[in-house]
Amino acid sequence: MKKIFTVLTFVLILMTAASCGSAPTEAEMKPIVTALIEASYEINDIFFGEGLPAIKRDSEFAIKNYVYYMDEGGNYDYVTEDCPYQTTDQIKTAAEKVYSSEYLASIYETTFIGVADPNAGMLYARYLDTDDGLKKSNLHEPMITAKRIYDYDTMTVVKPSGSKYVNVEIDSHLEGEAEILRVRLTLVREGEEWRLDTPTY
């Protein structure tokens, strides 16, 4: 029995080592991290910042074209026609090129479905698909108001890291501020691609 247990333990160790593998080098990760962070700015703004551009209810265009004639005082505004995202699926497609599926799961719930909070009441979805087009909530205040700038030359790969996930640390500062903050970001491998598993704001 003891011999079987020892063999099983050895096999588990080998499997764990094989699954972890060696971590990519900083030279390998730097262009990947750079590209993902740069792409994340737009996604962060969609979810947590000002969000997609919408037709203001008191704008000349809205009044002249009776955009909200049958929807006075509503909580959702139509996204502008020139916006590159016209459906929630298009937003998701863009987000999934940047962030991991696990990270996005909880964000999708609050962004596209809404959440009932026993203390704060109902948190309405930020974006809704309708027969007349994509709508954006006018109840949400931006959670982030400043862009975080990263100094990619300071990036280092830190432990724990492996072939399926990597932790990196990078110096950063908020746009317009001088204070330097060293941020740790986690990336995970999904299929053949790397995705951010932590926010970059």
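Here is a quick tour of a sheet, a helix, a core and one threonine in this structure. It's a predicted model, so local features need pLDDT of at least 70 and side-chain atom pairs count only at pLDDT 80 or more, while totals for chains, interfaces and linings use all residues. Residues are numbered from 1 along each chain as its sequence is written, and side-chain values use heavy atoms, leaving out hydrogens and water.

**The sheet**
- Four strands, in the order β6-β7-β8-β9, make an open antiparallel sheet; strands are DSSP runs of E with at least two residues, helices are runs of H or I with at least four, and both are numbered from the N terminus.
- β6 (148–158) and β9 (193–196) sit at the edges with a single partner strand each, so one side of each has no neighbour in the sheet; two strands pair if DSSP finds at least two bridges between them.
- On average, neighbouring strands here are turned by 35° against each other, direction ignored; axes are lines fitted to C-alpha atoms, for helices over the stretch in contact, and angles run from 0 to 180 degrees between N-to-C directions.
- Helix α2 (residues 26–48) packs on this sheet and touches β6, β7, β8 and β9, its direction making about 150° with that of β6; contact means heavy atoms within 4.5 Å.
- Between β7 (residues 165–174) and β8 (residues 181–190) there are 8 bridges, and E169 stands opposite R184 in β8.

**The core**
- The largest nonpolar core has 37 residues, with F47, L52 and I91 touching the most other members; such a core is a set of buried Ala, Val, Leu, Ile, Met, Phe, Trp, Tyr and Cys residues joined through side-chain atoms within 4.5 Å.
- Its largest share, 9 residues, comes from α2.
- Beyond its neighbours within four places in sequence, L52 is in contact with residues including I46, V79, Y85 and I91.

**Helix α5**
- Y103, L104, I107, Y108, T111 and F112 are buried in α5; buried means under 20% relative accessible area, exposed over 50%, and partly exposed in between (1.4 Å probe, protein chains only).
- Those buried residues pack against α2, α4 and β4 (127–130).
- Just after α5, G114 takes a positive phi of about 100°.

**A look at T186**
- T186 lies in strand β8 and counts as buried because its relative accessibility is 17%.
- Not counting residues up to four places away in sequence, T186 touches V166, N167, R195, L196, D197 and T198.
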